[in-house]
Amino acid sequence: MTEAENATGDAILDVTRDSFQQAVLDESHRRPVLVDFWAAWCGPCKQLMPLLQKIAEDYGGAFRLAKVNSDENQELAGQYGVRSLPTIMCFRHGEVVDQQMGVQPESAIREMIDRHVERPSDTHRQQALAALQAGDAAGAVHALEQGVAVDPGNKDLRAELARAQIRAGDTTAARATLETALEAFPEDPDLRIELARALSQAGDPDAAEAQLNQLPLNRAEDDAVKTLRAHLRFSRRAAGADPQALTQEMQQGDPAPETLETLAAYSMLHGRYEEALGLYLELMKQHPDYKDNEGDNAGKKGLLAAFDALGNDNPLVSQYRRKMMAAMY
């Protein structure tokens, strides 16, 4: 088979400067093309190449693997800014849309490819998105369930299904969806975070905390995780709260520290953020010896949790952070 014939048919082929337009750029309008820039003297290249070939075979032609010998095609390597070997680049619609340098784990390579290949569930995902935009959460759940059925290896789709189930008011189904997904992908931290969020919304903060405690250290400080931990703190403190009774005690004056903390947590959960921050600040000032369950200053700890929940971009955070610092010093 000639190189020109290879360029139009095979999922794995060698490419030169002369065939690059047809084999890579033109083909990338039909499916993703993963270009592997390598050299014969490069040990890591020899380690990566069989892995890329295995992945290409596993995907059954969903993308093309094009191998470019950089020594023999230096002009081509220079054109695309290749500075180290091996370098892999993903082309879509004639452009580089993703790249990696060095030998990456198989999971990282697959994640890059998955961002660009068409999947059998894409139509179902689009139907679900349209349903959600129309306010039809049940319709989105139905479409995503069909998508998972035809694309069971798509863990992101399972997470989307769980979120749709929560929007439809079925937290039990969302929990089951994510627990099943974690059985298939036990090391996936994003699924674990989604499960913790579902457990929190189902009113089980202890189970949610247990999931977060299993996260790897490099994900424990993610903004999403800190926000969720803050929400769990508020949920525990506000559990069983009677807002009318709390408000009456506030109006009578000299409220107990427990009242300040509970009403602050309740206010955070119900979107009354400035009220909550003011209550936590008052708690910190008026009751410096009042501790939370971990033995920390409850007012300060509540403020810090509120900052995590709101995010640094919220102007209330910078305003009340200054007030907290002034109260401390």
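**Notes on a five-stranded sheet and its surroundings**

1. Let's start with Phe91: its relative accessibility is 0%, so this residue counts as buried (buried is under 20% relative accessible area, exposed is over 50%, and partly exposed is in between, with a 1.4 Å probe and protein chains only). Before going on, keep in mind that this is a predicted model, in which local features need pLDDT of at least 70 and side-chain atom pairs count only at pLDDT 80 or more, while totals for chains, interfaces and linings use all residues. Residues are numbered from 1 along each chain as its sequence is written, and side-chain values use heavy atoms, leaving out hydrogens and water.

2. Now the aromatic rings. Searching the whole structure turns up 5 aromatic pairs (rings of Phe, Tyr and Trp, the last by its six-membered ring, pair if their centres lie within 6.5 Å; planes under 30 degrees apart are stacked, over 60 edge-to-face, and the rest tilted). One of them is Tyr59 with Phe63, edge-to-face at 5.5 Å centre to centre and 75° between the planes. Both Tyr59 and Phe63 are buried. Tyr80 and Phe91 also make a pair: with centres 5.2 Å apart and planes at 80°, it is edge-to-face. That pair links distant parts of the chain, 11 residues apart, with Tyr80 in the loop between α4 (74–79) and β4 (87–92) and Phe91 in strand β4 (helices, H or I of at least four residues, and strands, E of at least two, are DSSP runs numbered from the N terminus). Add Phe20 to Tyr80 and Phe91 and you have one aromatic cluster.

3. What is the order of the strands in the open sheet? The 5 strands run β1-β3-β2-β4-β5, and the pairing is mixed (two strands pair if DSSP finds at least two bridges between them). At the edges sit β1 and β5 (95–101), each pairing on one side only. From one strand to the next, the twist averages 20°.

4. Strand β3 (residues 64–69) deserves a look: 6 of its 6 residues are buried, so the strand is largely enclosed by the rest of the structure. As a rule, side chains in a regular strand alternate between the two faces of the sheet. Here Arg64, Ala66 and Val68 cover one side and Leu65, Lys67 and Asn69 the other, and all are buried.

5. As for neighbours, β1 (residues 12–14) runs parallel to β3 and is joined to it by 3 bridges, with Ile12 partnered by Leu65. Strand β2 (residues 33–38) is also parallel to β3, through 6 bridges, and Val33 stands opposite Arg64. Between β2 and β3 the chain passes through helix α3 (residues 43–59) in a right-handed β-α-β crossover (right-handed if, with the strands pointing away from the viewer, the path from the first strand over the helix to the second runs clockwise).

6. On its way to the other edge, β2 runs antiparallel to β4, with 5 bridges; Val35 has Met89 as its bridge partner there. Helix α3 packs on the sheet, touching β1, β2, β3 and β4, and its direction makes about 165° with that of β2 (contact is heavy atoms within 4.5 Å; axes are lines fitted to C-alpha atoms, for helices over the stretch in contact, with angles from 0 to 180 degrees between N-to-C directions). Helix α5 (residues 106–114) packs there too, touching β2, β4 and β5, at about 175° to β5.
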